[in-house]
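Colleague: Could you take me on a close look at a single part of this model, the surroundings of the ligand and the helix that contributes to them? I would enjoy one connected account.

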Amino acid sequence: MTKRGAFIVIEGLDRSGKSTQAATLLKRLQDAQSPAKLINFPDRTTAIGKMIDSYLRSESELDDRAVHLLFSANRWELAKSIEETLQSGETIICDRYAFSGIAFSASKIRPGTNSYPLLDYSWCRAPDVGLPAPDMTIFLDVTQEVARARGGYGEERYEKEGVQRRVRDVFERVAEEVEGSGGRWVLVNADESEEEVQKVVWDTVKEIIGGIEGPIEKLWD
Ligand code: 2DT
Ligand code: MG
């Protein structure tokens, strides 16, 4: 029976080492002769992605609901190519996915207050229902102290301590829901050194790099 590629999502807060770990994982897969490619969301290269990019850099303002739907649309415009890649036997490593979509939107606060959500959790989840579901999500869990020690955050819209703290709380709920719906969510301590995290990530994905037998599941279905 021919196997399809595995869909591996890497999630986490800013400064958790996601992009570095994703790149290392890609290299290790390729070194192991396992066909793989790396994608990331938001994909800032498409027309929708350019709107998102401009919003994140605070070069434009968008309604919170509108931008949430753009993030989701950015995944939908690539959904078919994700499926085709997986069916062709290639593994996909994906730097952020729909889980970031929920965590960043559902943690927004009402301007001038400390209370959230501004956007309801299930409203945030709805537009992503039916996307290709990851076979495994690796959550790189970094504490605020270590993120700070790594040089702190950048200049983009969400790169602030208060935002990151609230996002982390919503990610905990997302994790429970993924596990509750039969998905695999692997929490990795990302306070450890880059090499240590690499080792844990590699041990975690080893079992699925030979390919997956079943169909591609649908997210939140
Ligand atoms: P990067 O730093 O990884 O480029 O992300 N985000 C991301 C959302 O708000 N919703 C989404 O659906 C996704 C995928 C997280 C840029 C920022 O975009 C946020 C950080
Ligand atoms: Mg970032």
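**Around ligand 1 and helix α4**

Modeller: Happily! For the wider setting, an unreviewed UniProt entry lists residues 10-199 as "domain: Thymidylate kinase-like". In this predicted model, the end C-alpha atoms of that span, residues 10-199, lie 15 Å apart, and the span is 49% helix and 13% strand.

Now to the ligand. The residues that surround ligand 1 are Phe41, Pro42, Leu56, Phe71, Arg96, Ser100, Gly101, Phe104 and Tyr158. Sorted by class, this shell has six nonpolar, two polar and one charged residues. Helix α4, residues 98-106, supplies the largest share of the shell, with three residues.

Two other members of the shell have backbone features that deserve a pause. Pro42, one of the residues around ligand 1, sits in the loop between β2 (36-40) and α2 (47-56), and the peptide bond leading from Phe41 to Pro42 is cis, its omega near 0°. Arg96, also in the shell, is found in the loop between β3 (91-95) and α4. Although Arg96 is not a glycine, its phi is positive, at about 75°.

From that loop we come to α4 and its neighbours. Two packed helices are described by the angle between their axes and the distance between the axes. Take α3 (residues 64-87): it packs with α4 at an angle of about 175°, and the two axes are 10 Å apart. With that angle, α3 is roughly antiparallel to α4. On the α3 side the contact involves Asp64, His68, Phe71, Ser72 and Arg75, which meet Ala98, Gly101 and Ser105 of α4. By class, this contact has two nonpolar, four polar and two charged residues. Phe71 and Gly101 take part in this helix contact, and both also belong to the shell of ligand 1.

The other partner is α7 (residues 161-180). Its axis and that of α4 come within 8 Å and cross at roughly 135°, so the two helices are oblique to each other. The crossing in which α4 passes α7 is right-handed. Here Phe99, Ile102, Ala103, Phe104 and Ala106 in α4 meet Val167, Val170, Phe171 and Val174 in α7. This contact has nine nonpolar residues, with no polar and no charged ones. Phe104 links the two themes: it takes part in the contact with α7, and it is among the residues surrounding ligand 1.

Key: Residues are numbered from 1 along each chain as its sequence is written. Chains are lettered from A and ligands numbered from 1 in the order in which they are written. This is a predicted model: local features need pLDDT of at least 70, side-chain atom pairs count only at pLDDT 80 or more; totals for chains, interfaces and linings use all residues. A residue is near a molecule or strand if its C-beta atom, placed from the backbone, lies within 6 Å of it. Helices (H or I, at least four residues) and strands (E, at least two) are DSSP runs, numbered from the N terminus. Ala, Val, Leu, Ile, Met, Phe, Trp, Tyr, Cys and Pro count as nonpolar, Asp, Glu, Lys and Arg as charged, and the others, Gly among them, as polar. Axes are lines fitted to C-alpha atoms, for helices over the stretch in contact, and angles run from 0 to 180 degrees between N-to-C directions. Angles under 35 degrees count as roughly parallel, over 145 as roughly antiparallel, 65 to 115 as roughly perpendicular and the rest as oblique. A crossing is left-handed if the near helix is turned anticlockwise from the far one by less than a right angle, and right-handed if clockwise. Two residues are in contact if their C-beta atoms, placed from the backbone, lie within 7 Å. UniProt positions are given in the numbering used here, feature names are shortened, and annotations may be inferred rather than shown by experiment.
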